Amino acid sequence: MSDNGIGGRIKDAVVGVLKGAGEVVQGAADATRDAVVGALKGVGDVAGAVTSTTGEVVKGAVSAVGEVGAGTFDTLKGVVIGVVRGVGEVATVTVGTISDIVRAAVRGTADVGGDVTSAAGGIAEGLITATKDTGISVTEGASALGRSAIQGVKDVGGDVIGASSNTVSGAIKGAESIGADVLGAVHNTAKGLVSGAGDVGADVVDVTKGAISGAISGAKEVGLGVEDAASAAATGALEAAESIGESAVHAVRDVAASGVDGVKAMIKGNKET
């Protein structure tokens with residue numbers, strides 16, 4: 001799809017939202033949902049069209065942010081919520097759909113010169129917030145979020161540590177906003193991030209550091225205990241590392257024991273930290 005199509009419509013709509021007095025997240029979500037429903041209705045292969053549609057939507061939204069000069073986080077949060085809702089009106093949202101949406105959103109941001117590191121937080125918060133509109137649990141959504149986010153970031157050569165950190169902190173805020181298990185979201189997002197690192201050859205040390213750092217910063221924002229959040233992230237990271245190999249396990253344990261941002265992370269269910 002060209003920028004004269006759905007991407008152009010989203011850009012115009014988001015520019016209007018950002019320049020107006022309305023609520024950015026809701027405005028972006030509503031505009032995106034309507035556009036996605038219109039684009040996907042009547043398409044034979046909805047699953048195949050989700051990636052290209054999401055990419056064009058995000059390109060349009062990020063271009064609008066660049067034109068206005070503000071609102072990246074809230075815009076991306078609203079756009080992802082709108083994409084999930086729009087897809088859900090036309091087809092069943094699956095874990096695979098979520099993975100496609102997240103990865104396409106990261107790529108779409110990069111394609112128009114957007115800041116992938118900053119965008120990761122808005123994408124994560126929007127995705128976790130949107131799980132309440134689907135049959136997917138926050139646990140499943142968080143795992144798919146982490147895995148596909150790091151894959152997308154590696155695809156575009158983004159900052160792995162910063163993106164991992166913002167993905168976990170965004171997941172925390174999303175889970176908190178819908179009354180879900182926040183520590184469970186941290187655990188599974190970190191697990192997904194490290195699993196994704198194993199898939200694409202990203203540095204497990206960097207991803208683990210980022211995940212724990214994001215857990216700590218996100219916990220501070222929502223009033224959650226930083227030690228508990230760091231522990232949840234480290235434990236999830238170790239579970240993923242065990243499926244990658246012994247070197248990954250040692251890497252996660254070393255990061256947890258050394259501490260991140262002055263906080264040592266206790267790995268639960270394991271004698272070594």
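At roughly what angle do the axes of helix α6 and helix α8 cross, and within what distance do they come?

1. The structure discussed here is a predicted model. In this model the axes of helix α6, which spans residues 116-130, and helix α8, which spans residues 160-177, come within 7 Å and cross at roughly 30°. Because angles under 35 degrees count as roughly parallel, α6 and α8 are therefore described as roughly parallel to each other. The handedness can be stated too, since α6 passes α8 in a right-handed crossing.

2. The contact behind that crossing draws on T117, S118, A120, G121, A124, E125, I128 and T129 from α6, which meet G162, A163, N166, T167, G170, A171, K173, G174, A175 and S177 from α8. When the residues of this contact are sorted by class, six are nonpolar, ten are polar and two are charged.

3. One residue of α6 that deserves a separate look is I128, which takes part in the contact with α8. Leaving aside residues up to four places away in sequence, I128 touches V138, G141, A142, L145, A171, G174, A175 and I178. I128 also appears, together with I123, L127, V207 and I212, among the residues with the most contacts inside the largest nonpolar core, a core of 91 residues. The largest share of this core comes from helix α11, residues 226-244, which supplies ten residues.

4. The second helix pair to examine is α8 with helix α9, the latter covering residues 182-200, and here the axes come within 9 Å and cross at roughly 150°. Since angles over 145 degrees count as roughly antiparallel, that crossing makes α8 roughly antiparallel to α9. The crossing of α8 and α9 is right-handed.

5. Which residues of α8 and α9 meet? From α8 they are S164, T167, V168, A171, I172, A175 and E176, and from α9 they are V182, A185, V186, T189 and L193. The classes in this contact of α8 with α9 are eight nonpolar, three polar and one charged. A reader following the chain may note that A171 and A175, listed here for α8, are also listed for α8 in its contact with α6, and that both are touched by I128.

6. V182 belongs to helix α9, and its relative accessibility of 12% falls under the 20% limit, so V182 counts as buried. Apart from residues up to four places away in sequence, V182 touches I172, A175, E176 and L224. A longer separation can be given for V182 and G60, which are 122 residues apart in sequence and 31 Å apart in space, taken from C-alpha to C-alpha.

7. Is S143 buried, partly exposed or exposed? This residue of helix α7, residues 138-156, has a relative accessibility of 23% and therefore counts as partly exposed. Setting aside residues up to four places away in sequence, S143 touches N188 and G192. The C-alpha atom of S143 is separated by 8.6 Å from that of H187, although the two residues are 44 residues apart along the chain.

8. A last point concerns D261, which lies in the segment after α12, the helix of residues 246-258. D261 is not a glycine, and yet it has a positive phi of about 55°. With a relative accessible area of 55%, D261 is exposed.

Technical notes: Residues numbered from 1 in each chain as written. Predicted model: local features only at pLDDT ≥ 70, side-chain atom pairs only at ≥ 80, totals over all residues. Heavy atoms only, no water. Axes fitted to C-alpha atoms, helices over the stretch in contact; angles between N-to-C directions. Helix = DSSP H or I, 4+ residues; strand = E, 2+ residues; numbered from the N terminus. Parallel < 35°, antiparallel > 145°, perpendicular 65-115°, else oblique. Left-handed = near helix turned anticlockwise from the far one by under 90°. Contact = heavy atoms within 4.5 Å. Nonpolar A, V, L, I, M, F, W, Y, C, P; charged D, E, K, R; others polar. Core = buried A, V, L, I, M, F, W, Y, C linked by side-chain atoms within 4.5 Å. Buried < 20%, exposed > 50% of the residue type's maximum accessible area, 1.4 Å probe, protein only.
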